[in-house]
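Trainee: Please choose one part of this model and take me through it slowly, then connect that part to the rest of the chain. I would like to follow each step of the reasoning.

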Amino acid sequence: MMEGIMAKASMLLELANNSQVAHAVTEASGTPGMPWWAWPLILFVTTFAMGIVAVMAGVGGGVLFVPIVGSFFPFNLDFVRGAGLIVALAGALAAGPGLLKANLANLRLALPVALIASIFSIVGAFLGLALPDNILQICLGITITLI
């Protein structure tokens, strides 16, 4: 079993080192002059800076993440929105216990609001999937401008 895993790993490594595969990934990224690893590096730097700005602005990272990454990066908007949900969830889970300890959050108020927010997030997801991408990006641009 271990030999099979090692054989698959070496085959994947060989495939990754293949210049044709690297060329295909570079072409698929939409910018033929850039190497394939440039977009993840730019995304890391951008999201690192975005995390600092979001904390100082007092907004969740997902609020800034989706409009900025959806507008300036060559990623599919559906993947960006899914990643934005993960960013927002991580921020909420990280901030929740500290806010409860400092009595800055009320659990009796948060639970009904969370239920209402969950219902409308499902409605918003259906609406977002029904809208064309260009209309959705215009709405996200307006949101980031207002923020």
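**A loop and the helices beyond it**

Mentor: Asn-103 is found in the loop between α5 and α6, and, since we shall be reading values from it, please keep in mind that this is a predicted model. The backbone at Asn-103 has a phi near 55°, which is a positive value in a residue other than glycine. Most residues other than glycine have a negative phi, and that is the background against which to read this angle. Asn-103 counts as exposed because its relative accessible area is 66%, and the cut-off for that word is anything over 50%.

Moving along the chain from this loop, we come to Asn-106, which caps the N-terminal end of α6, with a side-chain oxygen lying 3.1 Å from the backbone nitrogen of Arg-108. Helix α6 itself runs over residues 107-130, and its 24 residues reach 34 Å from the first C-alpha to the last, close to the 34 Å expected at 1.5 Å a residue. The UniProt record, in an unreviewed entry, annotates residues 40-67, 79-97 and 109-131 as "transmembrane region". In the model, the span 109-131 is 96% helix and 0% strand, with its end C-alpha atoms 33 Å apart. The span 79-97 is 100% helix and 0% strand, and its end C-alpha atoms lie 29 Å apart.

Each of the two helices beside our loop holds a buried glycine that we can look at. In helix α6 we find Gly-128, which counts as buried because its relative accessibility is 10%, where the limit is under 20%. Gly-128 is in contact with Arg-81 and Leu-136, once its neighbours within four places in sequence are left aside. Arg-81 is 47 residues from Gly-128 along the chain, yet their C-alpha atoms are separated by 9.6 Å. In helix α5 we find Gly-84, and this residue is buried because its relative accessible area is 5%. Not counting residues up to four places away in sequence, Gly-84 touches Gly-62, Phe-65 and Val-66. The C-alpha atoms of Gly-84 and Gly-62 are 4.7 Å apart, although the two residues are 22 places apart in sequence.

Several of these contact partners lead us to the largest nonpolar core, a set of 12 residues that includes Phe-65, Val-66, Leu-77 and Leu-136. Helices α3, α4, α5 and α7 each supply at least two residues of this core, and the largest share, four residues, comes from α4. Leu-140 also belongs to the core, and, leaving aside neighbours within four places in sequence, Leu-140 is in contact with Val-66, Pro-67 and Leu-77.

Two further members of the core, Trp-39 and Phe-73, deserve attention for their rings. When ring centres within 6.5 Å are taken as paired, the count comes to three aromatic pairs. Trp-39 and Phe-73 form an edge-to-face pair, 5.5 Å from centre to centre and with 65° between the planes. This pair links distant parts of the chain, for Trp-39 is in helix α3 and Phe-73 is in the loop between α4 and α5, 34 residues apart. Trp-39 counts as buried because its relative accessibility is 12%, and Phe-73 is buried too, because its relative accessible area is 9%. Together with Phe-75, these two residues form one aromatic cluster.

Helix α3 also carries Ala-57, which is partly exposed because its relative accessible area is 48%. The C-alpha atoms of Ala-57 and Ile-147 are separated by 8.9 Å, with their positions 90 residues apart along the chain.

Finally, let us step back to the whole protein. The protein has seven helices and zero strands, so that, reading from the N terminus, the elements run α-α-α-α-α-α-α. Of its 147 residues, 14% count as buried, Gly-84 being one of them. Among contacts between residues at least 6 apart in sequence, 46% join residues at least 24 apart. The loop where we began, with the exposed Asn-103, sits between α5 and α6 in this series of helices.

Methods. Residues are numbered from 1 along each chain as its sequence is written. This is a predicted model: local features need pLDDT of at least 70, side-chain atom pairs count only at pLDDT 80 or more; totals for chains, interfaces and linings use all residues. Side-chain values use heavy atoms; hydrogens and water are left out. The expected span of a helix is 1.5 Å times one less than its number of residues. A polar contact is a pair of N or O atoms within 3.5 Å; within protein, one must be able to donate a hydrogen and the other to accept it, and residues adjacent in sequence count only if both atoms are side-chain atoms. Rings of Phe, Tyr and Trp (its six-membered ring) pair if their centres lie within 6.5 Å; planes under 30 degrees apart count as stacked, over 60 as edge-to-face and the rest as tilted. Buried means under 20% relative accessible area, exposed over 50%, partly exposed in between (1.4 Å probe, protein chains only). A nonpolar core is a set of buried Ala, Val, Leu, Ile, Met, Phe, Trp, Tyr and Cys residues joined through side-chain atoms within 4.5 Å. Contact means heavy atoms within 4.5 Å. UniProt positions are given in the numbering used here, feature names are shortened, and annotations may be inferred rather than shown by experiment.
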